[in-house]
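Reader: I should like to examine the enclosed spaces and one helix pairing of this structure. Please show the model before we begin.

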Amino acid sequence: MLFIVVDQFRYDYLERFDDLFGPNGFRRLTRDGASWAQSNYDHMPTYTAPGHGTMMTGAYPAESGIIGNEWLDRPSGKRITSVTDESVKLLGGLPNDPAASPSRLMASTVGDEMRLATNDRSKVIGISVKDRSAILPAGRHANAAYWFSISSGTMVSSTYYFNQLPAWVTSFNNTKPADKYFGAKWERLLPESEYLKRVGPDNPSWENVSGWGDTNSFPHTITGGATKPERNFYIGLDYSPFTNDMLVSFAQEAIINEQLGKDDDTDVLTVSFSANDYVGHRFGPYSQEVMDVTLRTDRNVATLLDFVDARVGLANTLVAFTADHGVSPIPEQAAALGLGGGRIPFATVMGKIQAAISARYNPQGKIPDPTADYLLRFNEGNVWREWFINNNIYFNYDALKRDGVNLEEFSQVVVAAALTVPGIARCFSRLQLLRGATSVTDPIERRALHGFYPSRSGDVVMVAEPYKYIAETITATHGSPYTYDTHVPTIIMGAGVNAGRYWEPATPADIAPTLSALLRITAPSNSTGRVLVEALKR
Ligand SMILES: [Zn+2]
């Protein structure tokens, strides 16, 4: 089974650029596979880790526990990542760099169930540039996950899986697979006229890339501002299409050296391409750069499928394709087009909320303000931050208890204050979500509920208006419950699947139970998705 993910890939990319794709990449998937044209994530925030935590578990973040790329770990007071694990060590990178594991994933994956079903004869391997995108789709009982380190420029793993890297991975790293791209020029794949026709000029004012050692026009010379291959270059490389090429080479090595697909027991290889997300964040979904990285990814997918076809046979391979989230237009572009784009400064949100808390609980204006610690701050790289994470605000329960503050009333004060901030559309409290006081027929409320995991989520969840970000610096981003972030491809190709375009509503949470049905194994532990029976042969 080959599972292909493209990080930050909107469904409309398949339609907007279809005639420019080659015959063996995305068009092979839409031609020979079953493709759901109305596939939306049904959770928020629509970030990388929640998406990758859902697609192979069939479980929303409310079940997988992967509520964000990062969240506040209440016991430690630290901001942690979805794959942070201080109990394991990194392999193949710099010795003191943090390692990672799937230990925070609270559901089994298709790969886990495949291994259970075959007494571990099946092999399950996840690869990506990002740790979370390699680790989460593969699962807790996977044989291995490999990702790219921006410190060492090598493919790394952790002692969660084994005590040393397989020899083939070390050999791959010995070729310095990233360094050959130092100073590489990223040019357009096709004549500029194709790009002007579909996405407009190369360097509109809203493509603000200053300070990144890059410009907003082609060709992009990939150095990251460094004079030789080192950390800044590896970061710069992330923002180019070239890591996708590197990942295809690594996937081919994995297939050869691990003999994937060689025997009767189904193996699972998950490959998540990350370049598209980095490029999309820097240039936005209506840029020449995103169009170009999409066309190049089509060629990457074709290379990978051709390789699997030659080695294993696509007739013997179940292939699935999806993305972890979409992306919204750059707010300044959305504003220029009259779509209401804009940015809501963190300080504005926190200022309004803190002022409302003070007005209610410190009416005499005592100094120092006893309410100053009512909202939980968090430690990020030894700096205390007052902002929120994933648009979640966390309360300081100790301080509220100390002052005898009623939690229910306090929640209402914070929610009411947040709703006075221009650009904030919706706001839900923990108490509302826990009591089911939200309506599942309201898609925004349902998506908030599906993204809420009590021990990890905050006490108040805010939603900005469409095309608005509560983010000041990042050029383009995602995370909202709106269509531009939720609508992604869902494609399954292989024996037992009737090819065609399907109009039934679907979500990437449906992929895992459907693959499990096709593989005739138990669906993952918390799988709540639907088996997409409309495309399955009887
Ligand atoms: Zn992502």
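Author: Gly is counted here as polar, and Asp and Arg are counted as charged. The model under discussion is a predicted one.

Reader: How do the residues of the lining of the second largest cavity divide by class?

Author: The second largest cavity holds about 60 Å³ of space. Ten residues line this cavity, and the closest to its centre are Gly213, Asp214, Ile222, Gly236 and Arg282. Under the class rule, Gly213 and Gly236 count as polar, while Asp214 and Arg282 count as charged. The full lining divides into three nonpolar, five polar and two charged residues.

Reader: How many charged residues does the lining of the largest cavity have?

Author: The largest cavity has a volume of about 80 Å³. Its lining includes Met44, Pro45, Ile67, Asn390 and Asn392. By class, this lining has six nonpolar and four polar residues, and the number of charged residues is none.

Reader: Are helices α11 and α12 roughly parallel or roughly antiparallel to each other?

Author: Helix α11 (residues 275-283) and helix α12 (residues 288-311) pack with their axes 9 Å apart, at an angle of about 170°. Angles over 145 degrees count as roughly antiparallel. The two helices, α11 and α12, are therefore roughly antiparallel.

Reader: Which residues of α11 and α12 make the contact?

Author: By class, the contact of α11 with α12 has five nonpolar, four polar and one charged residues. From α12 come Glu289, Val290, Val293, Thr294 and Thr297. The residues from α11 are Ala275, Asn276, Val279, Gly280 and Phe283.

Methods: Residues numbered from 1 in each chain as written. Predicted model: local features only at pLDDT ≥ 70, side-chain atom pairs only at ≥ 80, totals over all residues. Heavy atoms only, no water. Axes fitted to C-alpha atoms, helices over the stretch in contact; angles between N-to-C directions. Helix = DSSP H or I, 4+ residues; strand = E, 2+ residues; numbered from the N terminus. Parallel < 35°, antiparallel > 145°, perpendicular 65-115°, else oblique. Contact = heavy atoms within 4.5 Å. 1 Å grid on protein atoms, 1.4 Å probe; cavity = no way out; pocket = protein on both sides within 12 Å on 5 of 7 lines; lining within 4 Å. Points joined across faces, edges and corners; volume = space filled by probe spheres on them.
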